[in-house]
Amino acid sequence: MSLSFAQAQTLLHSSFIVHTSVGTVELRLIEATEIARPGLPAEYRTPMLLVFSAPASPILAQDNYYFDHPNIGRHFWSVAPVLAPASRPITVNNEPLSFYQVLFN
């Protein structure tokens with residue numbers, strides 16, 4: 001199953017379990033942004049960017065990881081660390097956060 005932008009919007013503010021070499025890490029989906037599609041035929045998925053927040057440790061390297069979510073099952077996505085979005089806090093309960101993105105072309 002391929003994730004659509006409409007599905008991603010319904011998952012905002014929910015948690016995903018990511019499987020890493022040091023165990024599982026919980027990432028929270030905080031943004032889903034549709035990317036302009038000039039000239040892209042309608043039968044292709046709309047490009048989108050998902051932004052996640054996570055505890056500052058462990059730091060996830062740019063890599064491919066399995067993501068589990070109770071509503072959409074398991075997916076294998078490429079993840080890259082990013083700077084905190086300007087509109088988001090960088091701490092929760094005085095604990096620092098890390099941020100990651102998944103890009104769908």
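This report walks through the largest pocket, the largest nonpolar core, a salt bridge and a loop residue of the structure above, which is a predicted model.

**The pocket**

Let's start with open space. The largest pocket holds about 200 Å³. Its lining is made up of 13 residues, and those nearest the centre are Arg28, Ser53, Ala54, Val92 and Leu97. Strand E2 (23-34), strand E3 (48-55) and strand E7 (95-104) are the elements that each give two or more residues to this lining. If you are thinking about its chemistry, the lining counts 7 nonpolar, 3 polar and 3 charged residues.

Ser53 deserves a second look, as one of the residues nearest the pocket centre. Serine 53 sits in strand E3. Is serine 53 buried or exposed? Its relative accessibility is 10%, and since buried means under 20%, serine 53 counts as buried. Beyond its neighbours within four places in sequence, serine 53 is in contact with Glu26, Leu27, Arg28, Ile30, Leu97, Ser98 and Phe99. Two of these partners, Arg28 and Leu97, also appear among the residues nearest the pocket centre.

**The nonpolar core**

The largest nonpolar core has 23 residues; Leu3, Leu27, Leu50, Phe52, Phe67 and Trp77 are the ones that touch the most other members. Two or more residues come from each of H1, E1, E2, E3, strand E4 (63-69), strand E5 (73-82) and E7.

Phenylalanine 52 gives a good feel for this part of the model. Leaving out neighbours within four places in sequence, its contacts include Leu27, Phe67 and Trp77, which are also listed with Phe52 as touching the most other core members. Phenylalanine 52 also meets Phe16, Arg28, Leu29, Ile30, Ser98, Phe99, Tyr100 and Val102.

**The salt bridge and a loop residue**

How many salt bridges are there? The count comes to 1. It joins the side chains of arginine 74 and aspartate 68, at 2.8 Å from N to O.

Leucine 12 lies in the loop between helix H1 (5-10) and strand E1 (15-20). Setting aside residues up to four places away in sequence, leucine 12 touches Leu29, Ile30, Glu31 and Ala32. Leucine 12 and glutamine 101 are 89 residues apart in sequence, with 14 Å between their C-alpha atoms.

The table gathers the accessibility values for the residues discussed here.

| Residue | Relative accessible area | Class |
|---|---|---|
| Serine 53 | 10% | buried |
| Aspartate 68 | 21% | partly exposed |
| Leucine 12 | 28% | partly exposed |
| Arginine 74 | 48% | partly exposed |

Key
Residues are numbered from 1 along each chain as its sequence is written. This is a predicted model: local features need pLDDT of at least 70, side-chain atom pairs count only at pLDDT 80 or more; totals for chains, interfaces and linings use all residues. Side-chain values use heavy atoms; hydrogens and water are left out. On a 1 Å grid over the protein atoms alone, a cavity is a set of points where a 1.4 Å probe fits but cannot get out, and a pocket is an open set with protein on both sides within 12 Å along at least five of seven lines; lining residues have an atom within 4 Å of a point. Grid points are joined across faces, edges and corners, and a volume is the space filled by probe spheres set on the points. Helices (H or I, at least four residues) and strands (E, at least two) are DSSP runs, numbered from the N terminus. Ala, Val, Leu, Ile, Met, Phe, Trp, Tyr, Cys and Pro count as nonpolar, Asp, Glu, Lys and Arg as charged, and the others, Gly among them, as polar. Buried means under 20% relative accessible area, exposed over 50%, partly exposed in between (1.4 Å probe, protein chains only). Contact means heavy atoms within 4.5 Å. A salt bridge is a side-chain nitrogen of Lys or Arg within 4 Å of a carboxyl oxygen of Asp or Glu. A nonpolar core is a set of buried Ala, Val, Leu, Ile, Met, Phe, Trp, Tyr and Cys residues joined through side-chain atoms within 4.5 Å.
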